[in-house]
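Work through the exercises below with the sequence and the model in view. Each task is followed by a solution in steps.

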Amino acid sequence: MTGQARAARVRRMRTTAPAAATPRALRDRAARPYVLNGHAASAPSLPGGLYLVATPIGNLRDITVRALEVLAAADLIACEDTRVTRKLLDHFGITTPLTPYHEHNAAEARPKLIARLTEDAAIALVSDAGTPLVSDPGYKLVRDARAAGASVTTLPGASAVLAALTLSGLPTDRFLFEGFLPAKDGARRARINELKRIPATLILFETGARIATTLADLAAELGPRQGAICRELTKLYEEVKRGHLGTLAREAATADEPRGEIVIVVAPPDRQAEVPAADLDALLRQALERLSVKEAVAEIAAVTGESRRGVYQRALALAKERDHDR
């Protein structure tokens, strides 16, 4: 058997290793190898715990040395798609076993991972690309790991959200990451309308199949705001298109369906634009049904960008009307 074939066999054996294993305290803690810039390197022994590891969103060189050390030294890597993560590991000569952890199997897989953590295992959590816990079920694993007394450590790195925000040329002082909008037309338009008054740059994920429809809805609900479409970030064919939402929507309607990962960035509303009194009253009435006057004022002032004093005066009047009607 050639050395290459033997290495491939060892990799298959490690990849298919069962989740349940000998407690970490009884296993060899020797340094484990990985490859960096074509040179062999070794990862030091890793204490038990859960490690949240950011991986590249496109360009493999964006991974950190610390991330490589943790991925190489971990007992197990929990990932969205083992095929995607295996390509990353193969590139850096890492043979750590993989186990799937995604929205479809999280409820079943999570207790098994927590059981490993209680045995002092070192487990790395990764997403297919970028920072874990963003648009994936990782937060529940973190919650349960902390409840079980396990150490949780983060290894920051690539993020499509921040990459798109900084490339967009739009305000970065305050932003809201919305993730994917609803797939159904009515629900999507309703959600966009809810986001309309938020005084922050909006960041959305979208697929190539729905980008034209989503841009059309954004233009219709939000008006002539500036936007940016960021596609294939950090990859060879990285593309950023900027312009008014209406212009971007018209271009998308006649273009071929784009490939790759897409992030939409939308400018905040004009801070000088006043909220119509009827809209402000409607928002306040909804908030007063579930919050105190003080809490309702804080929420609506933040959402609309209106002065807290003006919102407070209107809230008092509405609260008095409500109490009188009762």
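## The chain as a whole

The chain has 12 helices and 12 strands. The model is predicted.

**Exercise 1.** State what share of the residues counts as buried, and what share of the contacts joins residues at least 24 apart.

Solution.
- Step 1. The chain has 326 residues, and 40% of them count as buried.
- Step 2. Take the contacts between residues at least 6 apart in sequence; 70% of these join residues at least 24 apart.

## Faces of helices

**Exercise 2.** Find which residues of helix α3 are buried, and say where they lie around the helix axis.

Solution.
- Step 1. Helix α3 covers residues 82–91, and its buried residues are Thr 85, Arg 86, Leu 88 and Leu 89.
- Step 2. Seen down the axis of α3, these buried residues fall within an arc of 160°, so they line one face of the helix.
- Step 3. Arg 83 and Lys 87, on the other side of α3, are exposed.
- Step 4. Now look at the ends. Asp 81 caps the N-terminal end of α3, with a side-chain oxygen 2.9 Å from the backbone nitrogen of Arg 83.
- Step 5. Just after α3 comes Gly 93, which has a positive phi of about 65°.

**Exercise 3.** Do the same for helix α9: name its buried residues, and list the elements they pack against.

Solution.
- Step 1. In helix α9 (residues 245–254), the buried residues are Leu 245, Leu 248, Ala 249 and Ala 252.
- Step 2. They cover an arc of only 100° around the axis, which puts them on the same side of α9.
- Step 3. On the other side of α9, the exposed residues are Arg 250 and Thr 254.
- Step 4. The packing partners of the buried residues of α9 are α8, β10, β11 (239–244) and β12.

**Exercise 4.** Name the elements that the buried residues of helix α6 pack against.

Solution.
- Step 1. Helix α6 spans residues 160–168; Val 161, Ala 163, Ala 164, Leu 165 and Ser 168 are its buried residues.
- Step 2. These buried residues of α6 pack against five strands by name: β8 (175–180), β9 (201–206), β10, β11 and β12.
- Step 3. Just after α6, Gly 169 has a positive phi of about 80°.

## Pairs of helices

Two packed helices are described by the angle between their axes and the distance between the axes.

**Exercise 5.** Describe how helix α10 and helix α11 cross, and name the residues in contact.

Solution.
- Step 1. Helix α10 covers residues 277–288 and helix α11 covers residues 293–304; their axes come within 9 Å and cross at roughly 140°.
- Step 2. Angles over 145 degrees would count as roughly antiparallel. α10 and α11 are therefore oblique to each other.
- Step 3. Their crossing is right-handed.
- Step 4. From α10, the contact is made by Leu 280, Leu 283, Leu 284, Ala 287 and Leu 288; from α11, by Val 293, Ala 296, Glu 299, Ile 300 and Thr 304.

**Exercise 6.** Describe the packing of helix α7 and helix α8 in the same terms.

Solution.
- Step 1. Helix α7 (residues 185–195) and helix α8 (residues 211–222) pack at about 45°, and their axes are 9 Å apart.
- Step 2. That angle makes α7 oblique to α8.
- Step 3. The crossing of α7 with α8 is right-handed.
- Step 4. Asp 185, Arg 188, Arg 189, Ile 192 and Asn 193 of α7 make the contact with Thr 213, Thr 214, Asp 217, Leu 218, Glu 221 and Leu 222 of α8.

## Single residues

For the touching residues below, those up to four places away in sequence are not counted.

**Exercise 7.** Is Arg 308 buried or exposed? Which residues does Arg 308 touch?

Solution.
- Step 1. Arg 308 belongs to helix α12 (residues 308–325).
- Step 2. The relative accessible area of Arg 308 is 51%, and exposed means over 50%. Arg 308 is therefore exposed.
- Step 3. Arg 308 touches Val 297, Ala 298 and Ala 301.
- Step 4. Arg 308 and Ala 298 are 10 residues apart along the chain, and their C-alpha atoms are separated by 7.1 Å.

**Exercise 8.** Locate Pro 269 and name the residues it touches.

Solution.
- Step 1. Pro 269 is in the loop between β12 (262–266) and α10.
- Step 2. Pro 269 has a relative accessible area of 21% and is partly exposed.
- Step 3. Pro 269 touches Lys 196, Arg 197, Ile 198, Pro 199, Ala 200 and Arg 225.
- Step 4. From Pro 269 to Arg 225 the C-alpha distance is 7.3 Å, with their positions 44 residues apart in sequence counted as the separation.

How values were computed:
Residues are numbered from 1 along each chain as its sequence is written. Side-chain values use heavy atoms; hydrogens and water are left out. Buried means under 20% relative accessible area, exposed over 50%, partly exposed in between (1.4 Å probe, protein chains only). Helices (H or I, at least four residues) and strands (E, at least two) are DSSP runs, numbered from the N terminus. The arc is that of the directions from the helix axis to the C-beta atoms. A polar contact is a pair of N or O atoms within 3.5 Å; within protein, one must be able to donate a hydrogen and the other to accept it, and residues adjacent in sequence count only if both atoms are side-chain atoms. Axes are lines fitted to C-alpha atoms, for helices over the stretch in contact, and angles run from 0 to 180 degrees between N-to-C directions. Angles under 35 degrees count as roughly parallel, over 145 as roughly antiparallel, 65 to 115 as roughly perpendicular and the rest as oblique. A crossing is left-handed if the near helix is turned anticlockwise from the far one by less than a right angle, and right-handed if clockwise. Contact means heavy atoms within 4.5 Å.
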